[in-house]
Amino acid sequence: MATTQPSLRHFLLFLLACNLFRHLYASYTTKIGVNYGTVADNLPPPSTVATFLKSQTAIDRVKLFDANPDMLRAFAGTGISITVTLTNAAIPSLSTLPAAQAWLSANILPFLPETAVTRIAVGNEVLATSDKTLIAHMLPTMKSLHDALSLANLTTVQVSTPHSLGILASSEPPSAAAFRRGYDKTIFAPILDFHRRTKSPFMVNPYPFFGFSPTRPESLDYALFRPNIGVWDAGTGVNYTNMFDAQMDAVFSAMKKLGYDDVEVVVAETGWPSVGDPNEAGVSFDNAASYNGNLIKHVNSGKGTPLMPNRTFETFIFSLFNENLKPTVSERNYGLFNPNLTPVYDVGVFIAKQAAGPTALTPSESPSSSSSSSSTKKWCVPKRDASDAALQVNIDFVCSRSGIECGPINDGGPCFKPNTVKSHAAYAMNAYYQASGGHDFDCDFGHTGLITYTDPSYDACRYPNSSTGPGPESGLNVRKPDTAASLGRAFHSTLLFVTIQILICSTFI
């Protein structure tokens with residue numbers, strides 16, 4: 001009996017649906033970490049930092065610049081993955097197995113398994129030092145530490161070393177990139193072979209901040225992931241629309257030329273300063289927020305790069321704090337957070353208790369006592385993964401049908417800028433939440449809202465909170481949406497459909 005073949009159109013729609021769900025799944029997979037530097041005299045205790053990161057941010061991995069025991073002890077029980085760094089000065093002394101075992105016993109083993117040490121970085125940008133002794137001992141030390149870990153049955157702890165992009169002889173266009181002559185086969189081929197054998201990553205420090213040219217203003221948008229005409233690579237026929245992808249693919253091309261394109265790549269450092277010396281090109285709060293915020297979205301999208309598609313790169317932003325003892329103004333201002341744990345700018349790394357009805361706060365859900373926030377103050381903001389379409393629906397409801405005055409987000413209002421759907425939705429959703437009495441369920445908005453304990457106010461734009469109102473006493477006649485139940489049913493039906501589709505796609509694709 002003849003069987004009916006599915007139409008090409010249906011098959012293509014099926015593939016499109018599977019691709020959509022793969023991207024949906026990728027959007028919930030984050031690999032964002034931070035570099036925790038301590039060149040400062042005003043930072044909070046490591047225990048406070050660990051609690052803050054665990055309870056109030058989505059940051060789930062931290063890279064340290066040494067093996068400070070207080071820091072390792074502080075992250076015990078948090079589940080946060082820790083990369084420990086062996087300082088450059090210590091590299092020559094650990095190139096033998098007995099020395100590596102002794103260092104491991106003194107600096108790592110006492111903190112396991114409570115502290116989740118997952119990687120040891122041997123030095124930082126060793127080749128950039130041009131120190132022949134360090135360079136000669138780098139790989140032997142990596143090997144000795146790996147062997148020491150294996151003998152201690154710690155086979156899940158990786159060993160690597162971060163490199164600056166100075167390891168490349170050229171990086172433009174990405175397809176033509178290669179490692180520096182003389183270093184390619186004598187240094188990088190053996191290192192990459194070590195990574196392949198040990199299933200550890202090649203770590204790089206791409207900094208578009210150092211790649212854009214003040215004499216080419218258009219290159220700033222290219223560096224910041226903003227709309228631009230792009231840079232054409234004739235070798236691959238790819239038009240790069242951001243410098244981060246170009247720099248990553250340049251590294252990949254150099255690795256491929258040596259036959260090691262199967263080795264994983266990890267971003268050990270990348271960032272942008274928010275303050276610099278007078279007239280220092282490209283330095284501003286807006287640019288730092290744009291770069292790091294867009295970087296996080298780009299990495300977590302799962303798109304990867306043109307030459308490394310469909311990847312979510314493990315990425316460590318530089319840095320966690322502004323560090324006031326560094327030598328230059330810009331070096332002191334790479335931090336995402338101030339020493340008092342308030343954000344320098346918002347890049348979407350905060351988490352908050354999801355609005356699912358009033359519940360008692362546990363200590364881990366309450367704001368840190370070292371924060372400027374108070375547990376009596378709450379605000380309603382959009383979830384990080386909420387779509388602009390869903391948030392626009394929220395704005396339309398609040399500003400057109402609920403009786404809320406949305407003048408502050410109109411043109412000329414104190415909250416009009418930044419003129420984005422997410423920013424305007426944040427104000428509108430919070431205004432509705434406060435005017436409705438500050439009940440957690442009033443911040444649901446079809447599962448697109450979150451309760452936060454961090455004040456989203458900025459400049460002249462002030463967000464009311466649960467302790468200041470407005471509430472029912474404000475006189476606003478808030479009209480509740482009559483679609484909450486249907487939205488909930490639709491959400492759960494969609495969730496079931498998504499689950500079935502993912503199972504189907506993973507079976508046949």
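# Why is it called that? A guided look

Visitor: Where is Asn279 found?

Guide: Look in the loop between β12 (265–270) and α9 for Asn279. Helices and strands here are DSSP runs numbered from the N terminus, a helix being H or I over at least four residues and a strand E over at least two.

Visitor: What kind of model are we looking at?

Guide: This is a predicted model, in which local features need pLDDT of at least 70 and side-chain atom pairs count only at pLDDT 80 or more, while totals for chains, interfaces and linings use all residues. Residues are numbered from 1 along each chain as its sequence is written, and side-chain values use heavy atoms, with hydrogens and water left out.

Visitor: Why is Asn279 called exposed?

Guide: Its relative accessibility is 83%. Exposed means over 50% relative accessible area, buried means under 20%, and partly exposed is in between (1.4 Å probe, protein chains only), so Asn279 counts as exposed. Its phi is also worth a look: near 65°, a positive value in a residue other than glycine.

Visitor: Phe225 also has a phi near 65°. Is Phe225 buried or exposed?

Guide: At 16% relative accessibility, Phe225 is buried, because that value is under the cut-off. You will find Phe225 in the loop between α7 (218–223) and β10 (231–233).

Visitor: What makes Arg73 and Asp70 a salt bridge?

Guide: The term asks for a side-chain nitrogen of Lys or Arg within 4 Å of a carboxyl oxygen of Asp or Glu. Arg73 and Asp70 meet at 3.1 Å, N to O, so the pair fits the definition. The two residues sit 3 residues apart in helix α3 (residues 69–74), which means that about one helical turn separates them. Asp70 has a relative accessible area of 47%, so Asp70 is partly exposed.

Visitor: Why does Asp193 with Arg197 count too?

Guide: Their closest N and O atoms are 3.3 Å apart, so they also meet the definition. Both lie in helix α6 (residues 184–198), 4 residues apart, or about one turn of the helix. Asp193 is partly exposed at 28%, whereas Arg197, at 51%, counts as exposed.

Visitor: What makes the pair of Glu314 and Arg119 a link between distant parts of the sequence?

Guide: First the bridge itself: the closest N and O atoms of Glu314 and Arg119 are 3.0 Å apart. Glu314 belongs to the loop between α9 (285–300) and β13 (315–317) and Arg119 to strand β4 (residues 117–122), so the pair ties together parts that are 195 residues apart in sequence. Both residues are buried: Glu314 has a relative accessible area of 11%, and Arg119 has 4%. Asp60 and Arg61 join Glu314 and Arg119 in a network of salt bridges.

Visitor: How many salt bridges does a search of the whole structure find?

Guide: The search finds 9.

Visitor: What makes a group of residues a nonpolar core?

Guide: The members must be buried Ala, Val, Leu, Ile, Met, Phe, Trp, Tyr or Cys residues, joined through side-chain atoms within 4.5 Å. The largest core here has 104 residues, and those touching the most other members are Tyr36, Leu53, Val62, Trp103, Phe179, Phe202 and Trp272. Helix α8 (residues 243–257) supplies the largest share of this core, 9 residues. Another core lies apart from it and has 25 residues, including Val398, Met429, Tyr433 and Phe445.

Visitor: Which residues is Leu53 in contact with, leaving aside neighbours within four places in sequence?

Guide: They are Ile59, Val62, Phe75, Ile80 and Leu320, where contact means heavy atoms within 4.5 Å.

Visitor: Why is α4 called oblique to α5?

Guide: The axes of α4 (residues 97–107) and α5 (residues 132–151) come within 8 Å and cross at roughly 60°. Angles under 35 degrees count as roughly parallel, over 145 as roughly antiparallel, 65 to 115 as roughly perpendicular and the rest as oblique, so α4 is oblique to α5. Axes are lines fitted to C-alpha atoms, for helices over the stretch in contact, with angles running from 0 to 180 degrees between N-to-C directions.

Visitor: Which residues of α4 and α5 meet?

Guide: Leu97, Ala100, Gln101, Trp103 and Leu104 in α4 meet Ser144, Leu145, Asp147, Ala148, Leu149 and Leu151 in α5.
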